[in-house]
2 protein chains.
Amino acid sequence: MTKHDHTHARLLQQGLEIISVNGFAGATIGGLAERAMVSKSGVFAHFGSAEALRLELLKTAAELAQREIVEPALLAPAGLPRLRRLFELWLGWASRSGLPGGCPFVSAAAEFDDVEGASRDFVVATLYEFIGLFISVIEEAQKLQELDAKLESKSLAWQLFGLYNTHHAMQRLMRDPQADRVALQGFETLVQASGPDWSDRREPGDSP
Amino acid sequence: MTKHDHTHARLLQQGLEIISVNGFAGATIGGLAERAMVSKSGVFAHFGSAEALRLELLKTAAELAQREIVEPALLAPAGLPRLRRLFELWLGWASRSGLPGGCPFVSAAAEFDDVEGASRDFVVATLYEFIGLFISVIEEAQKLQELDAKLESKSLAWQLFGLYNTHHAMQRLMRDPQADRVALQGFETLVQASGPDWSDRREPGDSP
DNA sequence: GCGATAAATGAACGATCGTGCTATTTATCC
DNA sequence: GGATAAATAGCACGATCGTTCATTTATCGC
């Protein structure tokens with residue numbers, strides 16, 4: 001690995017740490033230069049523009065999540081076990097990757113959702129892909145009859161997305177020690193409400 | 001209403017619009033001045049500091065949410081109807097209040113969750129209060145036997161928080177027209193999974 | 001209408017932002 | 001080890017950030 005690549009990787013790592021705590025708006029060229037003890041123009045030369053720096057940080061975060069969440073989860077048996085493992089690995093993945101603050105994509109989603117541009121496009125595409133992974137794992141579980149076949153996989157996937165945000169807010173904003181328990185319990189609630197025998201027990205139109 | 005108050009209110013309104021689109025980091029004194037067609041020092045005189053401006057914008061957003069969500073929801077009958085109304089009014093409240101972008105508190109939670117200070121404290125306190133309202137409405141519904149008494153009200157409240165984030169991401173980031181449907185359907189799923197007769201149908205430890 | 005007071009302006013400050021340019025150090029290769 | 005190229009530093013620029021202060025304009029009580 002050439003020296004350029006070495007420095008580049010170090011800049012990305014420290015950039016991710018900044019983003020994790022201060023968000024993408026806080027990831028400035030000068031700030032990163034100071035933290036990495038590199039000249040401002042040195043950082044600039046590595047990325048070409050502040051916008052490009054942020055975009056590359058976004059891509060780095062996506063790769064990190066892939067290694068930390070997706071790849072290990074695919075080792076679990078297909079179906080419900082894989083879905084559960086995916087969700088468990090999702091919770092707190094940023095901390096487990098060594099980041100000092102919150103999830104970069106939670107910041108990115110909030111900061112870019114109303115700002116047109118390459119960053120927004122990338123966040124949308126990444127989230128689309130990630131939700132798509134959940135959907136396919138859910139549908140596998142349906143084929144295996146671990147989940148109700150009539151269930152809308154997309155809905156469940158997005159409900160799990162919501163639970164992830166619940167966990168993030170409880171953990172980082174509220175510092176509630178019950179964050180893990182509430183999220184994991186929420187997962188089980190959703191899965192059981194979507195169990196294969198659910199519709200046998202309470203048909204639509206049932207009265208209590 | 002004196003002229004000072006009139007201008008002050010106008011600045012807050014326009015400040016909220018900026019935040020809704022660009023987040024709190026984007027709510028700068030100079031930017032607000034330009035949008036409101038007021039001198040920079042004029043804006044400064046109204047708030048005393050940029051930090052104070054952001055804090056006051058946060059408080060204004062909280063009051064707006066109170067009027068837009070909480071107060072109308074309390075007109076609904078106690079128990080499950082009130083809970084449902086609360087959730088329905090929560091979804092998309094920012095747009096309904098005339099804001100051009102997303103929910104200010106979604107931005108605030110992401111931007112301040114790892115930054116100590118008065119803004120963080122206020123977000124924490126406001127969210128704590130809001131979740132607390134959900135908890136008390138849920139417990140009302142439990143007393144009325146509309147929800148299972150053994151249910152943990154706090155968990156359900158936070159699951160609804162998650163659904164709100166689901167809706168926000170689907171609506172604003174992904175621009176998915178099914179956001180409303182998925183969120184409302186998710187609400188019903190959670191409520192039915194917590195129905196008063198749920199525990200009669202599937203005891204903990206049941207095997208499928 | 002006028003004097004007193006409130007409200008907003010304009011100019012200026014140092015700090016930091018992103019970016020361009022040139023110089024100089026540092027690696028790499030024969 | 002010296003030539004060549006890669007990598008980084010240094011400096012300067014205009015723009016914008018938050019903040020200050022003196023000055024002007026608007027409003028209100030009399």
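Here is a short chat between a visitor and a guide about this predicted model.

Visitor: Before we start, what cut-offs on pLDDT apply to this model?
Guide: Residues are numbered from 1 along each chain as its sequence is written, and chains are lettered from A and ligands numbered from 1 in the order in which they are written. As the model is predicted, totals for chains, interfaces and linings use all residues, while side-chain atom pairs count only at pLDDT 80 or more and local features need pLDDT of at least 70.

Visitor: Let's take chain A alone. How many helices and strands are in it?
Guide: Helices (H or I, at least four residues) and strands (E, at least two) are DSSP runs here, numbered from the N terminus. Reading chain A from the N terminus gives α-α-α-α-α-α-α-α-α-α-α. The tally for chain A is 11 helices and zero strands.

Visitor: And what share of chain A is buried?
Guide: A residue is buried if 20 or more other C-beta atoms lie within 10 Å of its own, exposed if 12 or fewer, and partly exposed in between, with C-beta atoms placed from the backbone. The C-alpha trace of chain A spans about 70 × 35 × 30 Å along its principal axes. Out of 208 residues in chain A, the share that counts as buried is 38%.

Visitor: In chain A, what part of the contacts with a separation of 6 or more comes from residues 24 or more positions apart?
Guide: Two residues are in contact if their C-beta atoms, placed from the backbone, lie within 7 Å. Taking the contacts in chain A with a separation of 6 or more, residues 24 or more positions apart account for 61%.

Visitor: How are chains A and B related?
Guide: Copies are superposed by least squares on the C-alpha atoms of residues with pLDDT of at least 70 in both. Chain B lands on chain A (RMSD 0.0 Å) after a rotation of 180° with 0.0 Å of shift along the axis. That makes the relation a two-fold axis.

Visitor: Which residue of chain B comes closest to the rotation axis?
Guide: Both copies use the same surface, as 100% of the contact residues of chain B recur in chain A. Going by C-alpha atoms, the residue of chain B closest to the axis, at 1.9 Å, is Gly162(B).

Visitor: Which helix gives the most to the side of chain B that touches chain A?
Guide: The contact draws 40 residues from chain B and 40 residues from chain A. On the chain B side, H1 (3-22), H7 (104-112), H8 (118-143), H9 (153-173) and H10 (179-193) each supply at least two residues. With 12 residues, the top contributor is H9(B).

Visitor: How many charged residues are on that side of chain B?
Guide: Ala, Val, Leu, Ile, Met, Phe, Trp, Tyr, Cys and Pro count as nonpolar, Asp, Glu, Lys and Arg as charged, and the others, Gly among them, as polar. The side of chain B that touches chain A has 20 nonpolar and 14 polar residues, and its charged residues number six.

Visitor: On to the DNA. Which helix gives the largest share of the surface near DNA strand D?
Guide: A residue is near a strand if its C-beta atom, placed from the backbone, lies within 6 Å of it. Of the 21 residues around DNA strand D, those that come nearest include His4(A), Ser39(A) and Gly30(B). H1 (3-22) and H3 (40-47) of chain A, with H2 (29-36) and H3 (40-47) of chain B, give two or more residues each. The largest share, four residues, is from H3(A).

Visitor: Which helix gives the most to the surface near DNA strand C?
Guide: Among the residues that come nearest to DNA strand C are Gly30(A), His4(B) and Thr7(B). The surface near DNA strand C divides into five nonpolar, 13 polar and three charged residues. Its main contributor, with four residues, is H3(B).

Visitor: Within what arc do the buried residues of H10(B) fall?
Guide: The buried residues of H10(B) include Ala179(B), Val182(B), Phe187(B) and Leu190(B). The arc is that of the directions from the helix axis to the C-beta atoms. Seen down the axis, the buried residues line one face of H10(B), because they fall within an arc of 165°.

Visitor: Is Arg175(A) buried or exposed?
Guide: Arg175(A) sits in the loop between H9 and H10 of chain A, and its phi is near 50°, a positive value in a residue other than glycine. Because Arg175(A) has 10 C-beta neighbours inside 10 Å, it counts as exposed.
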